[in-house]
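Trainee: I would like to learn how to read a model like this one, feature by feature. Where should we begin?

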Amino acid sequence: MKGQMDTEMGKIIVDEDVLAKYAGSAAVECFGVVGMASVNVRDGFVKLLKKDNLRHGVNVVVEDGKLFIELHIIVAYEVSILAVAQNLVDNVKYKVEEYTGMEVGKITVCVEGVRVIN
């Protein structure tokens, strides 16, 4: 299902891929987030995604006009995972709601790995 908003001028439909890319770009801006992660379920491998593949680390579902976002991230070593996750949720929620005008129902953060940053 695509994101949909009704305005005075008509109906606006936003594809879930667009919402996922925007949420992914907002996520990697957060302190402590090294990048988005892609999980190969079959092999159990976690892969750090490049900036052009941010959508693959994000799942977006639209239900009853609300967005439900799942973020798969890799965090920096020696940072508080709780603090990073809270900052991530606040930042993504604010930016996605401002960008789309749609309400975010829930954001789930899945920490898939830790990386040492030089």
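Mentor: Begin with a term. A nonpolar core is a set of buried Ala, Val, Leu, Ile, Met, Phe, Trp, Tyr and Cys residues joined through side-chain atoms within 4.5 Å. In soluble globular proteins, nonpolar side chains tend to be buried together. In this predicted model, the largest such core has 25 residues.

Trainee: Which residues touch the most other members of that core?

Mentor: They are Val 58, Leu 67, Ile 69, Leu 71, Leu 88 and Val 92. Two or more core residues come from each of H1, strand E3 (33–40), strand E5 (58–63), strand E6 (66–76), helix H2 (81–100) and strand E7 (103–115). H1 gives the most, with six residues.

Trainee: What is the order of the elements along the protein chain?

Mentor: From the N terminus it reads β-β-α-β-β-β-β-α-β, that is, two helices and seven strands. Of the 118 residues, 36% count as buried. The chain exposes about 7400 Å², and carbon and sulfur atoms supply 51% of that area.

Trainee: How much of the contact list is long-range?

Mentor: Take the contacts with a separation of 6 or more: residues 24 or more positions apart account for 63% of them. One such long separation is that of Glu 112 and Ser 38, which are 74 residues apart along the chain but have C-alpha atoms separated by 8.5 Å.

Trainee: How should I read the buried residues of a helix such as H1?

Mentor: An α-helix has 3.6 residues a turn, so residues three or four places apart point the same way. H1 covers residues 16–28 and reaches 18 Å from its first C-alpha to its last, close to the 18 Å expected. Its buried residues are Glu 16, Leu 19, Ala 20, Ala 23, Gly 24, Ala 26, Ala 27 and Val 28.

Trainee: With which residues is Leu 67 in contact, leaving aside its neighbours within four places in sequence?

Mentor: The partners include Leu 19, Val 60, Val 61, Val 62 and Val 96. Thr 100 and Met 102 are also among them, followed by Glu 103, Val 104, Gly 105 and Lys 106.

Trainee: Is Thr 100 buried or exposed?

Mentor: The cut-off for buried is under 20% relative accessible area. Thr 100 has 5%, so it counts as buried. This residue is found in helix H2. A polar atom of the Thr 100 side chain lies 2.7 Å from the backbone oxygen of Val 96, and the side chain also reaches the backbone nitrogen of Met 102 at 3.0 Å.

Trainee: Why does Asn 91 count as buried?

Mentor: Asn 91 counts as buried because its relative accessibility is 18%. It is found in helix H2, and beyond its neighbours within four places in sequence it is in contact with Ala 26, Glu 29 and Cys 30.

Trainee: What about Glu 112, in strand E7?

Mentor: Glu 112 is partly exposed, with a relative accessible area of 27%. Its side chain and that of His 72 are joined by a polar contact of 2.7 Å.

Trainee: Which element has the lowest mean pLDDT?

Mentor: Where pLDDT is low, the predicted coordinates should not be read in detail. Strand E4 (residues 45–48) has the lowest mean, 56, and H2 has the highest, 93. Over the protein chain the average is 82, and 81% of the residues score at least 70.

Technical notes
Residues numbered from 1 in each chain as written. Predicted model: local features only at pLDDT ≥ 70, side-chain atom pairs only at ≥ 80, totals over all residues. Heavy atoms only, no water. Helix = DSSP H or I, 4+ residues; strand = E, 2+ residues; numbered from the N terminus. Buried < 20%, exposed > 50% of the residue type's maximum accessible area, 1.4 Å probe, protein only. Contact = heavy atoms within 4.5 Å. Areas by Shrake-Rupley, 256 points an atom, 1.4 Å probe, with all protein chains shown as cover. Expected span 1.5 Å × (residues − 1). Polar contact = N/O pair within 3.5 Å; in protein donor to acceptor, adjacent residues only side chain to side chain. pLDDT = per-residue confidence, 0-100.
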